[in-house]
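Hi everyone, thanks for making time for this. I'd like to walk you through a structure that may be new to you, so please have a look at it with me.

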Amino acid sequence: MGDIREPLRELTECGLPQALEVMGERWSFMILRASFNGLHHFEEFLSELGIARNILSNRLAKLVEHGILRRDPCPDDRRKIEYRLTEKGFDLLPTMVALRQWGQKYGQEVIENPVLVDERDRLPIGPTSILSHDGRILGPQDLHLVERSNLGIRADGTKAEPGDALGNGSVVDLEALRKARDAA
């Protein structure tokens, strides 16, 4: 991935160790998955996940502490608490989808039901990919580490300018991108 490496012993210089500190165990991911599936109440998590009460309480508190879930009083009974995903929690959805797809590909054979689909056409979603700033699908050979001061400086020394960023609903012509990559 280039001529330089990440400082692997430095836990604070990379987002991965920080993310694993918050999410790095099974139950946190299972609670997050349940939240994406519409569960909000302690008792729902408890019965649906089959998790021990003390572990659930601990994990929910940790997810709230880190701003992934928030605690809200129930509108119909203010003595009850609902756990709701925050924006930070919703930002973990691509990670969850990527892990799910990886598990389906390399785990024991899983016949997915229900199937995760695109709401618009109800067809299965495509594989989670690493995209460049302009929407190109990147593979391991396309990834390089550079010093922050060298961002945008190509291997030949020319300066690159960022293109238009992709947003929700952006359409990327995957076939054209594959052809362009294969032709290069």
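Let me start with a question: which residues does L60 touch, not counting residues up to four places away in sequence? Under that rule, L60 touches I31, F42, F45, L69 and Y83. Please keep in mind that what we have here is a predicted model.

Let's step back for the overall layout. The protein has 7 helices and 4 strands. If you read along the sequence, the pattern goes α-α-α-α-β-β-α-α-β-β-α. There are 184 residues in the protein, and buried residues make up 20% of them. The protein exposes about 14200 Å², and carbon and sulfur atoms supply 53% of that area. As for contacts between residues at least 6 apart in sequence, 46% join residues at least 24 apart.

Now back to L60 and its surroundings. In soluble globular proteins, nonpolar side chains tend to be buried together. Here, the largest nonpolar core has 21 residues. L60 is one of those with the most contacts inside this core, along with I31, F45 and L56. Which elements give two or more residues to the core? They are α1, residues 15-23, then α2, α3 at 42-49, α4 at 53-65, and the strand β2 at 81-85.

Helix α2 is a good one to follow from here. It covers residues 26-36, and I'd like to show you two of its partners. Two packed helices are described by the angle between their axes and the distance between the axes.

Take α4 as the first partner. The axes of α2 and α4 come within 10 Å and cross at roughly 75 degrees. That makes α2 roughly perpendicular to α4. On the α2 side you'll find W27, S28 and I31, and they meet I55, L56, R59, L60 and L63 in α4. By class, that contact has 6 nonpolar, 1 polar and 1 charged residues. You'll recognise I31, L56 and L60 from the list of core residues with the most contacts.

The second partner is α6, residues 93-106. How far apart are the axes of α2 and α6, and at what angle do the helices pack? The axes are 11 Å apart, and the angle is about 110 degrees. So α2 and α6 are roughly perpendicular to each other. In this contact, F29, L32, R33 and F36 in α2 meet L93, M96 and L99 in α6. By class, there are 6 nonpolar residues, no polar ones and 1 charged one.

Let's zoom in on three residues of α2. We've already met S28, which has its place in this helix. Is S28 buried or exposed? It is buried, because its relative accessible area is 1%, and the cut-off for buried is under 20%. Leaving aside neighbours within four places in sequence, S28 is in contact with V22, M23, R59 and L63.

Further along α2 comes A34. A34 is buried too, with a relative accessible area of 8%. Not counting residues up to four places away in sequence, A34 touches L39, F45 and L49. Its C-alpha atom is separated by 9.1 Å from that of E44, which is 10 residues apart from A34 along the chain.

Then there is S35, also in α2. S35 is buried, with a relative accessible area of 7%. Once we leave aside its neighbours within four places in sequence, S35 is in contact with F45, L69 and L85. So F45 comes up again, because A34 touches it, S35 is in contact with it, and by the definition used here contact means heavy atoms within 4.5 Å.

Last stop: the loop between α6 and β3, where P114 is found. The peptide bond from N113 to P114 is cis, with omega near 5 degrees. V115 has its place in this loop as well. V115 is partly exposed, with a relative accessible area of 40%. The C-alpha atoms of V115 and I125 are separated by 8.9 Å, and these two are 10 residues apart along the chain.

R122 is found in the loop too. What is phi of R122 near? It is near 60 degrees, a positive value in a residue other than glycine. R122 is exposed, with a relative accessible area of 55%.

That's my tour, and thanks for listening!

Notes
Residues numbered from 1 in each chain as written. Predicted model: local features only at pLDDT ≥ 70, side-chain atom pairs only at ≥ 80, totals over all residues. Heavy atoms only, no water. Axes fitted to C-alpha atoms, helices over the stretch in contact; angles between N-to-C directions. Parallel < 35°, antiparallel > 145°, perpendicular 65-115°, else oblique. Nonpolar A, V, L, I, M, F, W, Y, C, P; charged D, E, K, R; others polar. Core = buried A, V, L, I, M, F, W, Y, C linked by side-chain atoms within 4.5 Å. Buried < 20%, exposed > 50% of the residue type's maximum accessible area, 1.4 Å probe, protein only. Areas by Shrake-Rupley, 256 points an atom, 1.4 Å probe, with all protein chains shown as cover.
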